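Here's a quick walk through one protein model, with an eye on its strands and its aromatic rings. Have the viewer open and follow along.

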Amino acid sequence: MAQTTARMPTGVDQSDRKVPINLRQSGPTPVEMLISTRVRKSPYWHLSMEAGCWRATVYNRMYHPRGYVRPEDGGAMVEYDALVNHVTMWNVAVERQIQVIGPDAEAFVNYVITRDAKRIKPMHGKYVILCNDQGGILNDPVLLRLSETEFWFSLSDSDLMFWLQGVNVGRKFDVEINEIDVSPVQIQGPKSEALLADLVGEAIKEVPVYGLLEAKVGGRDVVISQSGFSGEKGYEIYLRDATLYAEDMWYAVLEAGKAHNLMVIAPAHHRRIAAGILSWGQDLDAETLPFQCNLGYQVPRLKTADYIGKAKLEEVRAELEAGNPPYKQTLIGLRLGGKPIEDYANDFWLISGEGGGEALGYVTSPWYSPELGSNIAMGYVPLAQATLGTRLKVHLPDLYAESPGQAVEAEVVEMPFRPSVNPNAREIAKAEGRDAAF
């Protein structure tokens, strides 16, 4: 049997991890995804097929559409143009909704998130993280508060429901914790507010960032939040009883969208990278500390209540302030050369020092930014190479390399790469001279 050439590189220091990131450069693999009953189809799956979905991945144990415009017709960059110039709809039912409801809902939620749940008013939400007792990030959902006693976790890609239920086996808060039949779509782009106003009226214009609105779309009950995964103006429509009423809501949005050049697209990773928005499983996981990945602001200094991971995270902060970081790699932003990267990376591409040679880090999320006129990326490198302005080399596949087999020039730059319509909590805290959100 011939030995594979895609061996695991040994130069990247992952000695602080239990399970290293797989950095083999195996490239594109001509494998067809098996669609079967073992993985769940969302209520919108067939509607995505009608809209032209041609590829998918698995996210939260559900099939997730990841492409509508085929490469020969311009691919993901055509979808990008629709997002930044018009308005788009994304099937994001994979953001499974975990409801925490009951008299102790606020106390329970406050115990499992790092930020202060008591500061979230009913009919508002926040971007939050949940950590294990070692400070590793288990999930970074949007948390919606429907009432004094009801919260929804709108999940990123990990099985958080099992964790929440398990925590409460021992803690016994007076709450019920279950997935509910609520499935979201995202409406993202500069024309999103105008489209939503056509659907639900002028009240949408009064909804603040992370504010919520109860409404009807297609005659069906929904909750709408001003939030999203793009950095553009955007909303999410959470459809109640989605298994029954998916078509009613979906077709109503399509019909209203005709006047606004609405396009159904995949989640816009090219735009979220420019906005510095992270993707769980790609840019962070359960072995990543918030301070490693631009989420240190999610660890508040003023929250007095205990929460899972608090002792460890405060210990890590103290080590950082003493100049002794307890981790090997940290997340950076990169501007890099090469031909325009206009599709998902097949591997975590390797990063070397300015002189090239053995890999010392890896790229997690790369794409081409039309506005900046260059490739941009997130990635991990040792702290000594993380200073703004540091010159590095990135080993792109030949498809994107300037010369086959030759690494391209890269420079460490600040994130976000370009402004978002609505600044996030990290940017707001920084502008106010704080290193932590509330």
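How many bridges join strand 17 to strand 18? Four of them do, and the two strands run antiparallel. Before going further, keep in mind that this is a predicted model.

## The barrel

Strand 17 and strand 18 (residues 356–369) belong to a bigger picture: a closed barrel of six strands, with antiparallel pairing, that runs 16-19-18-17-20-21. On average, neighbouring strands of this sheet are turned by 45° against each other, direction ignored.

If you want a spot to zoom in on between strands 17 and 18, try Leu350, which stands opposite Tyr362 in strand 18. As a reminder, strands of a sheet pair through backbone hydrogen bonds, and the pairing can be parallel or antiparallel.

## Strand 16 and its two partners

Strand 16 is a good place to look next. Towards strand 19 (residues 374–382), eight bridges hold up an antiparallel pairing; Arg335 stands opposite Ile376 there. Towards strand 21, the pairing is also in the antiparallel sense, over four bridges, and Leu334 has Val412 as its bridge partner.

Is strand 16 mostly covered or mostly open? Mostly covered: seven of its eight residues are buried.

## An aromatic pair between two loops

Now for the rings. Searching the whole structure turns up nine aromatic pairs. One of them is Trp349 with Tyr400, a tilted pair at 5.9 Å centre to centre with 55° between the planes. What does this pair link? Distant parts of the chain, with the two residues 51 residues apart. Trp349 is in the loop between strand 16 (329–336) and strand 17 (350–353), while Tyr400 is in the loop between strand 20 (391–395) and strand 21 (408–413).

Both rings belong to covered residues: Trp349 is buried, and Tyr400 is buried too. For anyone setting up a geometry script, a pair of aromatic rings is described by the distance of the centres and the angle of the planes.

## Ring cluster and charges over rings

Elsewhere, ring pairs tie Phe108, Tyr111 and Phe173 into a cluster. Tyr111 has a charged visitor as well: the charged end of Arg171 sits over the Tyr111 ring, 4.3 Å from its centre.

Which residue's ring has the charged end of Arg220 over it? That's Tyr245, with the charged end 3.8 Å from the ring centre.

Terms used
Residues numbered from 1 in each chain as written. Predicted model: local features only at pLDDT ≥ 70, side-chain atom pairs only at ≥ 80, totals over all residues. Heavy atoms only, no water. Phe/Tyr/Trp six-rings, centres within 6.5 Å; stacked < 30°, edge-to-face > 60°. Buried < 20%, exposed > 50% of the residue type's maximum accessible area, 1.4 Å probe, protein only. Lys NZ or Arg CZ within 6 Å of the ring centre and 35° of its normal. Pairing = 2+ DSSP bridges. Axes fitted to C-alpha atoms, helices over the stretch in contact; angles between N-to-C directions.
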